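I opened this notebook to keep track of what I looked up, entry by entry. The topics are strand pairing, a crossover, burial and enclosed spaces.

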Amino acid sequence: LPLLLPRESAAAAAAGTAVVPTPGGQRVRRIFFLGSVRAPSSPLPRRLRIPTVLAMAMVTRARRRRLEEESRRPELPPRGEGGEEGPDLISRLPDEILESIITLLPTKDGSRTQILSRRWRPLWRAAPLNLDAVVAAGVMVDKQVSNILRTLQTHQGPVRRFTLTSRYTYIYDRSFFLDSILQSPRLNHLQEFEWLCKEICGPSPVPQPVFRLMPTLKVLTIAAFRKVLTFPSEISSTLSFPHLEQLTLRGVNISERTLHDVLSRCPVLEALVLDWTRGYRLLRVSSQTLRSLGISDCRKCEDGRLEEVIVDHAPLLERLIPGSIHNDDLVIRIIQAPRLRTLGYLTERIATFQLGTMVFQKMTPVSQCYVMRTVKILALATAPSLDFIIDYLKLFPCVEKLYIVAFSQGDFKNAQRSVSLECLDLHLKTLQLTNYKGTMSDVNFIRFFVSNAKVLEYLKLFVRCDKCKTKWIATQREKLWLNTRATKDIQCDFIANYRARAYVYIRDINDLGTDDPFNKTLCRCCSNDGDDDILF
């Protein structure tokens with residue numbers, strides 16, 4: 001419907017407003033217009049102007065209602081109607097998908113989606129809640145607990161994940177806030193629970209309210225950092241974990257019998273991490289569903305420490321990660337794991353490592369009945385010796401990613417040579433060396449792979465921070481022959497190294513969607529967020 005106005009009102013209307021005279025000589029308030037304005041060649045009679053303006057106002061309100069209805073029930077526009085930046089396809093997705101997207105975000109970021117538009121406001125309140133909460137010691141413990149409980153009660157959607165970090169709280173505080181929070185009915189159908197205990201008091205048992213969550217949990221993490229938590233053995237025979245897929249225990253004292261009782265009651269367990277745990281000498285694993293296993297021992301402890309790991313039968317095991325090994329007598333025996341794909345870090349602190357019929361003593365192969373062709377990702381913590389690495393590439397001929405943490409144990413000349421290996425000719429695409437110093441031994445070590453690895457695509461060198469300068473990097477690139485035409489397809493990155501040791505993040509071990517748990521970036525290495533990233 002075109003809008004017809006007197007000539008004197010046309011200019012104002014084009015700017016978005018118009019002052020319209022009434023038959024009695026009065027003026028009505030300004031009216032905003034969305035369409036264009038066209039002035040007639042001759043003014044309309046005064047009696048026709050007001051109905052025309054009112055009709056335009058009605059059209060404007062109708063259009064506004066139509067836009068609001070479309071935002072509530074969106075449909076994809078035809079191609080090319082989205083403007084210069086394209087249509088807002090995300091906001092037009094169904095509510096169920098948008099709520100799933102919000103659920104994957106951290107708590108703060110998820111709540112901030114309410115400011116995006118009117119369309120997004122109710123989605124956060126109805127989306128499954130992932131809550132990250134911190135309770136720190138002090139006079140405000142009551143207020144912190146009240147805030148957590150209020151968040152649980154006021155959120156309309158189900159509570160999916162709950163991460164609780166306790167910092168420097170005392171026993172009486174912990175008993176109060178854990179009982180108050182974990183007894184909340186809003187946690188009855190909780191799927192993921194993480195308790196990160198960063199306290200300074202002495203050993204104490206894992207709180208009983210934690211175990212009431214077991215019937216519905218898919219992910220359970222109990223991690224103690226400055227103390228030891230004791231897993232109660234008297235209730236282990238009554239526990240059941242029918243849906244538990246991921247179990248992480250760190251700094252927990254658990255007896256050998258209790259540990260095996262718990263594992264036997266996890267029929268769908270896929271990922272297991274035991275870090276700095278104590279109270280047992282032998283870990284024996286036999287599981288039809290286990291896909292990832294991370295293990296480490298502890299330093300001197302009176303309650304007993306891990307000495308032997310035996311994997312009898314694990315047909316789906318893809319990932320074996322020996323973490324920080326503190327003693328020199330650990331024995332690992334993998335009897336049957338036909339799908340093992342990721343292995344490491346192997347270190348000399350592992351006294352005996354058996355993989356099928358292949359046996360290593362202090363990383364030195366002593367029995368070579370066959371090669372392991374399923375391993376695609378291999379991580380070693382060893383001296384940068386070419387002879388040593390070549391022997392491993394012969395035993396693992398299908399390795400595509402090789403991670404080496406170099407520890408200097410003498411001067412290795414690493415003389416250049418031309419070697420034809422299946423791994424170098426067909427498979428090796430990524431090489432990462434931590435503690436690269438730029439010495440002639442290191443240069444020759446890298447040159448060997450640059451010259452012999454025919455399908456090498458990515459070379460990553462972690463360097464000490466004080467050396468990682470622009471001029472030094474340019475010099476090293478020349479020494480490593482990285483500026484020649486023959487190596488133009490190799491991408492090489494020099495990265496300042498902040499932790500010069502073999503480590504993995506526990507969350508990467510458990511994340512079965514991550515193909516490579518050893519792939520560290522500089523940003524994450526510098527992270528100080530100990531709550532989110534626990535080193536293993």
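Before reading off any partners, I noted that two strands are said to pair if DSSP finds at least two bridges between them. I also kept in mind that this is a predicted model.

**Entry 1: the strands around E19.** I began with strand E19, residues 377–382, and asked how many bridges join E19 to strand E20. I found six bridges between E19 and E20, which covers residues 401–406, and the two strands run parallel. As one example of this pairing, I looked up Ile 377, whose bridge partner in E20 is Lys 401. Following the chain onward from E19, I saw that it passes through helix H9, residues 386–395, before it reaches E20, and that this β-α-β crossover is right-handed. I then turned to strand E15, residues 342–346, which is joined to E19 by three bridges and also runs parallel to E19. Here Leu 343 has Leu 378 of E19 as its bridge partner.

**Entry 2: burial of E19 and H9.** I next asked which residues lie on each side of E19, and whether they are buried or exposed. In a regular strand the side chains alternate between the two faces of the sheet. On one side of E19 I listed Ile 377, Ala 379 and Ala 381, and on the other Leu 378, Leu 380 and Thr 382, and all of these are buried, with both faces covered. This agrees with the count for the strand, in which six of six residues are buried. For H9, I counted seven of its 10 residues as buried, so the helix is largely enclosed by the rest of the structure. The buried residues of H9 are Leu 386, Phe 388, Ile 389, Ile 390, Tyr 392, Leu 393 and Leu 395.

**Entry 3: enclosed spaces.** I searched the whole structure for cavities of 30 Å³ or more and found two. The largest holds about 60 Å³ of space, and its lining is made of Leu 220, Phe 231, Phe 241, Leu 247, Leu 249, Ile 254, Leu 259 and Val 262. Strand E7 (246–250) and helix H8 (256–264) are the elements that give two or more residues to this lining. By class, I noted eight nonpolar residues in the lining of the largest cavity, with no polar and no charged ones. The second largest cavity holds about 40 Å³, and Tyr 392, which I had already listed among the buried residues of H9, is one of the residues that line this second space. The others there are Leu 346, Thr 347, Ile 350, Phe 353, Phe 360 and Met 363. In this lining I noted six nonpolar residues, one polar and no charged.

**Entry 4: an open sheet.** I then traced an open sheet of six strands, whose order is E10-E12-E14-E16-E17-E18, with mixed pairing. Its edge strands are E10 (282–286) and E18 (364–367), each of which pairs on one side only. Neighbouring strands of this sheet are turned by 15° against each other on average, direction ignored. Within the sheet, I found four bridges between E12, residues 308–313, and E14, residues 330–334, and these strands run parallel. Glu 308 has Val 331 as its bridge partner in E14.

**Entry 5: Glu 422.** My last look-up was Glu 422, which lies in helix H10, residues 422–427. With a relative accessibility of 30%, Glu 422 counts as partly exposed. I also noted that Glu 422 and Pro 397 are 25 residues apart in sequence and 5.8 Å apart in space, C-alpha to C-alpha.

Technical notes: Residues are numbered from 1 along each chain as its sequence is written. This is a predicted model: local features need pLDDT of at least 70, side-chain atom pairs count only at pLDDT 80 or more; totals for chains, interfaces and linings use all residues. Side-chain values use heavy atoms; hydrogens and water are left out. On a 1 Å grid over the protein atoms alone, a cavity is a set of points where a 1.4 Å probe fits but cannot get out, and a pocket is an open set with protein on both sides within 12 Å along at least five of seven lines; lining residues have an atom within 4 Å of a point. Grid points are joined across faces, edges and corners, and a volume is the space filled by probe spheres set on the points. Ala, Val, Leu, Ile, Met, Phe, Trp, Tyr, Cys and Pro count as nonpolar, Asp, Glu, Lys and Arg as charged, and the others, Gly among them, as polar. Buried means under 20% relative accessible area, exposed over 50%, partly exposed in between (1.4 Å probe, protein chains only). A crossover is right-handed if, with the strands pointing away from the viewer, the path from the first strand over the helix to the second runs clockwise. Axes are lines fitted to C-alpha atoms, for helices over the stretch in contact, and angles run from 0 to 180 degrees between N-to-C directions.
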